[in-house]
Each structure stands twice: as C-alpha cells, then as structure tokens.
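Work through the following exercises with the sequence and the 3D structure at hand. Each task is followed by a solution that proceeds step by step.

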Amino acid sequence: MVAGSRLTAEPTILRLVAASGITIITPEYRLAPEHPNPTPVHDCHAALAHLGREASGLGIDPLRLAIGGDSAGGGLAAATAILARDTGGPRLTAQLLGCPMLDDRTTGPREKWHTWTPADNAIGWSAYLGGAPADHLAAPARAADLGGLPRAFIDTGTLDLFCAEDVRYALRLLEAGVPCDLHVYAGAPHGFASLNPHAGVAKRALAQRAAFLRTI
C-alpha cells in the first residue's frame, strides 16, 4: 500500500513466468499516503480494462485473463476482481492471492509476527485509508457478497499476520460458491515466497502457484 513497485516483485514474477509459461503484465499503481483508497484499486482496474481491450493485439487470450499479487498487491487484486464483477468487466477467469492484505481489522498475538507486525499494519492501513472508513474496495474482507467472483488461489503462512483473515476469506469464497485453492504453510512468515526463493517452502509455493496458473 505504501512502498515497493513492480521492480520489487520482478524476481518473483520472472520465476513464476518460467515455471508456468504464462504472460504476466505488471502495471504500477499509485501509493498511499499521497494516493489513498480508492486510487490504487482504480489504477489496477484501469490497467485491467486496458489489457482487456488490447489483449488480442498482445497475443493474449482475452477469455483467459487472471489477476494476482502478493501482500498489498494481493489485497488490491482481490478488490479489483470485485470491482470488475460489479462494473461489468473485464471478465476474469482466476485470481491468485499471495499472503493477501484483506482486512483492516486484523488482530493477533504480537509476539508471533516477524516480517510484518501489527504496528506495521496499523501504519499501512492508516496511510491507505487516509482517515476515511474502510469499505469493501479498501478491505475486500468487508465485502458483503463474494458470489460471482473468479475462482481463487490463496496461500499464506502460519507466522503471517494475515493468516487468519486469508483463511476466512477462502472459506467465504467457498461458501459463496467460488472455487478456491487454499495453501497454508506451517512456520512461514509474511512474504515467505519472495524472502528466500531458495527455501524449500518457497519452492513448494512457487510450484503450487504455477500449477494453478497452468490450468487457466
């Protein structure tokens, strides 16, 4: 929400491209606090809409579009999927949410979290919301209706501050009739898939993500 860019994520993205064979488009979105909600999610939706119009010219099947991201990017991907559903497109076939940041109401025992703490989270959400109340586009976990969304893949770790909210979101998707793959990795902290790509748990996560994307 407040830091990073597509270049930050590039090593992970390139590994995923190599493992899955898919094409990944990596647009930028403006960051808080200078650009609070809903600017970032509208940036993401504008990029998706542009891709929907130009997909064929880029050699991409417009009927096989998916969206994804990690952490804040995962939350924005989930919100963009909701926005696309509610505004008539573009049609998405899948959403891949890596340790997504979904709920501004996150709570958890403070001693457990290492790479992203409750204090970090409070700063991030405060900057992103800009003093306004959270809605379903800021925090997708607040959406009253998750029906009609594209099938999902969610992964998280048990040492991730977002673990409980990610699992709850997966269950709510299933209850709404949305197919969802959920992977919870024991002992993995927030951002584990990128922190040490040579770790066994990161390699397993990459393999699972790639396998999911190959089914689109």
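**Exercise 1. How many disulfides does the count come to?**

Solution. The structure is a predicted model, and the count of disulfides in it comes to zero. To follow the reasoning, recall that a disulfide is a covalent bond between the sulfur atoms of two cysteines, and that the cut-off used here asks for two cysteine sulfur atoms within 2.5 Å. Begin with Cys-99, which is in no disulfide, since the nearest cysteine sulfur, that of Cys-163, is 11 Å away. Go on to Cys-180, whose sulfur is 13 Å from the closest cysteine sulfur, again in Cys-163, and this is too far for a bond. Finally, consider the surroundings of these two residues: Cys-99 is buried with a relative accessible area of 3%, and Cys-180 is buried with a relative accessible area of 14%, where buried means under 20%.

**Exercise 2. Describe the sheet, and explain why one side of strand 1 and of strand 4 is left without a neighbour.**

Solution. The first step is to read off the order of the strands, which is 1-2-3-4 in an open sheet of four strands with parallel pairing. The second step is to look at the edges, where strand 1 (66-70) and strand 4 (180-189) stand; each has a single partner strand, and therefore one side of each has no neighbour in the sheet. From one strand to the next, the twist averages 10°. The third step is to examine one pair in detail: strand 3, residues 151-159, is joined to strand 4 in the parallel sense over seven bridges, and within this pair Phe-153 stands opposite Asp-181 of strand 4. The last step is to add helix 5 (residues 163-175), which packs on the sheet by touching strand 2 (94-98), strand 3 and strand 4, and whose direction makes about 155° with that of strand 3.

**Exercise 3. Is Asp-155 buried or exposed, and which residues does it touch?**

Solution. First locate Asp-155, which is found in strand 3. Its relative accessibility is 0%, so Asp-155 counts as buried. Then set aside the residues up to four places away in sequence; among the residues that Asp-155 still touches are Leu-97, Gly-98, Cys-99, Asp-166, His-183 and Arg-209.

**Exercise 4. Compare the expected and actual spans of helix 5, and study Glu-165 within this helix.**

Solution. Helix 5 has 13 residues, which at 1.5 Å a residue should span 18 Å, and this agrees with its end C-alpha atoms, which are 18 Å apart. Its buried residues include Cys-163, Glu-165, Asp-166 and Tyr-169, and what covers the buried residues of helix 5 includes helix 3 (72-87) and strands 2, 3 and 4. Glu-165 has a relative accessible area of 3% and is therefore buried. Although Glu-165 and Met-101 are 64 residues apart in sequence, their C-alpha atoms are 8.3 Å apart in space, and Met-101 is one of the residues in contact with Glu-165.

**Exercise 5. Explain why the buried residues of helix 7 lie on the same side of this helix.**

Solution. Start with the buried residues of helix 7, among them Val-201, Ala-205, Arg-209 and Phe-212. The buried residues cover an arc of only 165° around the axis, and so they are on the same side of helix 7. To finish, ask what these residues pack against: the partners include helix 1 (6-20), strand 1 and helix 6 (192-195).

Note on methods. Residues numbered from 1 in each chain as written. Predicted model: local features only at pLDDT ≥ 70, side-chain atom pairs only at ≥ 80, totals over all residues. Heavy atoms only, no water. Pairing = 2+ DSSP bridges. Helix = DSSP H or I, 4+ residues; strand = E, 2+ residues; numbered from the N terminus. Axes fitted to C-alpha atoms, helices over the stretch in contact; angles between N-to-C directions. Contact = heavy atoms within 4.5 Å. Buried < 20%, exposed > 50% of the residue type's maximum accessible area, 1.4 Å probe, protein only. Arc of directions from axis to C-beta. Expected span 1.5 Å × (residues − 1).
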